[in-house]
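Biologist: I would enjoy a close look at one part of this protein, taken slowly. Could you walk me through it once we have the structure in view?

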Amino acid sequence: MTDKPALERDSRNFHSHGWSVTPQTYLDNPKLADFFSILALAQDTAGNVILSVVEGKNYPVYAVMFHPEKIAYEWAANLDIPHDRR
């Protein structure tokens, strides 16, 4: 058993995206890097690291690249969507 909370240990969200922003894209785009701070990274279903949560550096703006409500109701046998407490 680990002392880390589940949100630090495991992905709690389902990431299934055709388009997403990678850390390299963020770094290559000065406008993104000037406006947003990265709060969290995740992996998509292909294993690519993507930005998951960002916040505005000077404005009260937040963005997430997932649907926080999705795992609460989605039960598709062909998708690896976590529903347990792990």
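Which residues do ring pairs link into a cluster?

Modeller: Happy to take you there, and please keep in mind that this is a predicted model. The cluster consists of Phe-35, Phe-36 and Tyr-59, linked by ring pairs.

Let me set the scene. The protein chain has four helices and three strands, and from the N terminus on these elements run α-α-α-β-β-β-α. Of the 86 residues in the protein chain, 21% are buried. The accessible surface comes to about 6,500 Å², and carbon and sulfur atoms hold 55% of that surface.

Now to the rings themselves. A pair of aromatic rings is described by the distance of the centres and the angle of the planes. The structure holds two aromatic pairs. In one of them, Phe-35 and Phe-36 have ring centres 4.7 Å apart and planes at 70 degrees, so this pair is edge-to-face. Phe-35 and Tyr-59 also form an aromatic pair, this time stacked, with 5.5 Å from centre to centre and 15 degrees between the planes. That stacked pair links distant parts of the chain: Phe-35 belongs to helix α3, while Tyr-59 sits in the loop between β2 (49–56) and β3 (62–64), 24 residues apart. For the wider picture, take the contacts in the protein chain with a separation of 6 or more: residues 24 or more positions apart account for 44% of them.

How much of each ring residue is accessible is worth a look too. Phe-36 has a relative accessible area of 17% and is therefore buried. Phe-35 is at 32%, so this residue counts as partly exposed. Tyr-59 has a relative accessible area of 52%, which means that Tyr-59 is exposed.

Follow Phe-36 inward and you reach the largest nonpolar core, which has five residues: Tyr-26, Ala-33, Phe-36, Leu-51 and Val-54. In soluble globular proteins, nonpolar side chains tend to be buried together. Leaving out residues up to four places away in sequence, Phe-36 touches Tyr-26, Val-54, Glu-55, Gly-56, Lys-57 and Val-61. Two of those names, Tyr-26 and Val-54, you have just met as members of the core.

Go back to Phe-35 and the view turns to the surface. Helix α3 covers residues 30–35, and Phe-35 lies in this helix. Together with Tyr-59 and Val-61, Phe-35 forms a nonpolar patch on the surface, with about 270 Å² of accessible area for the three together. Val-61 is also among the residues that Phe-36 touches.

One more stop is strand β1 (residues 36–43), where you will find Leu-39. Leu-39 is partly exposed because its relative accessible area is 46%. Setting aside neighbours within four places in sequence, Leu-39 is in contact with Val-53, Val-54, Glu-55 and Tyr-62. Val-54 and Glu-55 are also touched by Phe-36. Leu-39 and Ser-52 are 13 residues apart in sequence, and their C-alpha atoms are 7.7 Å apart in space.

So, to return to your question, the ring pairs join Phe-35, Phe-36 and Tyr-59: Phe-36 belongs to the largest nonpolar core, whereas Phe-35 and Tyr-59 are part of the nonpolar surface patch.

Methods: Residues numbered from 1 in each chain as written. Predicted model: local features only at pLDDT ≥ 70, side-chain atom pairs only at ≥ 80, totals over all residues. Heavy atoms only, no water. Patch = residues over 30% accessible without salt bridge, like charges linked within 9 Å, V, L, I, M, F, W, Y side chains within 5 Å. Areas by Shrake-Rupley, 256 points an atom, 1.4 Å probe, with all protein chains shown as cover. Salt bridge = Lys/Arg side-chain N within 4 Å of Asp/Glu carboxyl O. Helix = DSSP H or I, 4+ residues; strand = E, 2+ residues; numbered from the N terminus. Phe/Tyr/Trp six-rings, centres within 6.5 Å; stacked < 30°, edge-to-face > 60°. Buried < 20%, exposed > 50% of the residue type's maximum accessible area, 1.4 Å probe, protein only. Core = buried A, V, L, I, M, F, W, Y, C linked by side-chain atoms within 4.5 Å. Contact = heavy atoms within 4.5 Å.
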